Structures are given as C-alpha cells and as structure tokens.
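These are my notebook entries on one structure. I record what I looked up and how each term is defined.

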Amino acid sequence: MKTLLYITAFMFMVSVHAQEKPKNVSEETNIKTVKINDGKKITEKKVKLTTREEQQVELAEEDKNKVNQTMVDSPSKVTKTLEVDNDGDAYYDSKFETAHYEFNDKVYNFKKNSEGFLVSTKSKSDMSPLGNIIKSSKENHYFFKTNDYSGIGYFTDSGNFTIEYYDTNTNKLVKQDFILIKK
C-alpha cells in the first residue's frame, strides 16, 4: 500500500513539473567598486547590477508535428536588479529591482518594494513618482493609487500591466495598459 502511495505522489510531482512552459533565461552581473575619500578616511562601496532576460520558447507552427522544430523569435522581459554594499562586509545592504513599461509615449519604472511596486517616470533630469501598486491578497490583483485616481491592476500573460478605474468626470470605466518594454 505504501508503494502505491509513493508511486501516486511521484506521478503527481512529475505531471506538475511537466506543465511548466519552457523559457530561455540569461543573466549578466556587473560589479563596480567605488572608493570615496571624505578627507578623513577612504571607504569602499560595491555596486552590483544584475540584468536578467527571460524569453518564452515558441516553436514554428509549420513544424508542429516534427521532432526537430524551429524556434521562433519571441519578445523578452528584462529585469534589472541593483544591489549596494555600504559597509564592506560580504553582504549587500540594499536591493532594488526595476522593470520598464511604456504608456502614452512615456517610460515608467516599476520598482519592486515590500508592498508591491513604486511607479515613477523620468521628468527632465530626475525621477518623479506617479503612484504605488500594492499587492492584494488575491492572486495577480493589485491596488493602484495615484494623486488623481485609484484603481485595480493586474499583469497580463504577455507581462503588461493593466489598470482599471472609474473616472468620475466621464462616469465611465477607464482601462490603461502599461506595455512592458521588451528587448
């Protein structure tokens, strides 16, 4: 009976693992060391930038039933992670993860934090905040809050972020799509 139970559990794990969609992942890490002289002492800080590119594996439709299939070029999602070591120990003290999206011909940064994301856009020479995306208890649902409106957002299968909110001026539901900038 135990053997039957083990075989059933093993088959379940194999079937769950087999359901994953294959993807190509490449990751590049650059570490720079900066020395700062404040007049009293020289301190050393390390900055590590990791660029991760993920791409779904898509196969040519005309090779559907063949053994060796041709891979079709598909868009990729690029995520940058910046880590800073301020005190010279073996561990990095702060970590920032950012993805870039486009909406109305402007580029927006989605910077990951403990509650969700901080959304900002570049204006002239610095970043100006647009709003906050706060993770809901429901899977892939987020609360989106700006100074002008509040709504509900979600990530689509293609990686884009969609916001829906009620516009009191027009008495209509408005839908905005932030398009993931792909390489």
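**Entry 1: terms and model.** I began with the polar contact, which is a pair of N or O atoms within 3.5 Å; within protein, one must be able to donate a hydrogen and the other to accept it, and residues adjacent in sequence count only if both atoms are side-chain atoms. The model is predicted, so I noted that local features need pLDDT of at least 70, that side-chain atom pairs count only at pLDDT 80 or more, and that totals for chains, interfaces and linings use all residues. Residues are numbered from 1 along each chain as its sequence is written, and side-chain values use heavy atoms, with hydrogens and water left out.

**Entry 2: Asn109.** I looked up which side chain joins that of Asn109 in a polar contact. I found His100, at 2.5 Å. Asn109 belongs to strand E7 (residues 106–112); strands (E, at least two residues) are DSSP runs, numbered from the N terminus. Asn109 is buried, at 16% relative accessibility, where buried means under 20% relative accessible area (1.4 Å probe, protein chains only). Contact means heavy atoms within 4.5 Å. Beyond its neighbours within four places in sequence, Asn109 is in contact with residues including Thr98, Ala99, His100 and Met127.

**Entry 3: Phe117.** I placed Phe117 in strand E8 (residues 116–123). Phe117 has a relative accessible area of 15% and is therefore buried. Its C-alpha lies 9.9 Å from that of Ala99, while the two residues are 18 apart in sequence. With neighbours within four places in sequence set aside, the contacts of Phe117 include Phe110, Ile133, Tyr142 and Phe155.

**Entry 4: aromatic pairs.** How many aromatic pairs does a search of the whole structure find? I recorded 15. Rings of Phe, Tyr and Trp (its six-membered ring) pair if their centres lie within 6.5 Å; planes under 30 degrees apart count as stacked, over 60 as edge-to-face and the rest as tilted. Tyr142 and Phe155 form an edge-to-face pair, with 5.4 Å between centres and 90 degrees between planes. Tyr142 lies in strand E10 (residues 142–146) and Phe155 in strand E11 (residues 150–155), so this pair ties together parts that are 13 residues apart in sequence. Tyr142 is buried at 10%, and Phe155 is buried at 18%. Phe144 and Tyr149 have ring centres 6.1 Å apart and planes at 40 degrees, so I entered this pair as tilted. Phe144 and Tyr149 are both buried.

**Entry 5: the cluster.** I last noted one aromatic cluster, whose members include Phe117, Tyr142, Phe144, Tyr149 and Phe155.

Methods:
Helices (H or I, at least four residues) and strands (E, at least two) are DSSP runs, numbered from the N terminus. Buried means under 20% relative accessible area, exposed over 50%, partly exposed in between (1.4 Å probe, protein chains only).
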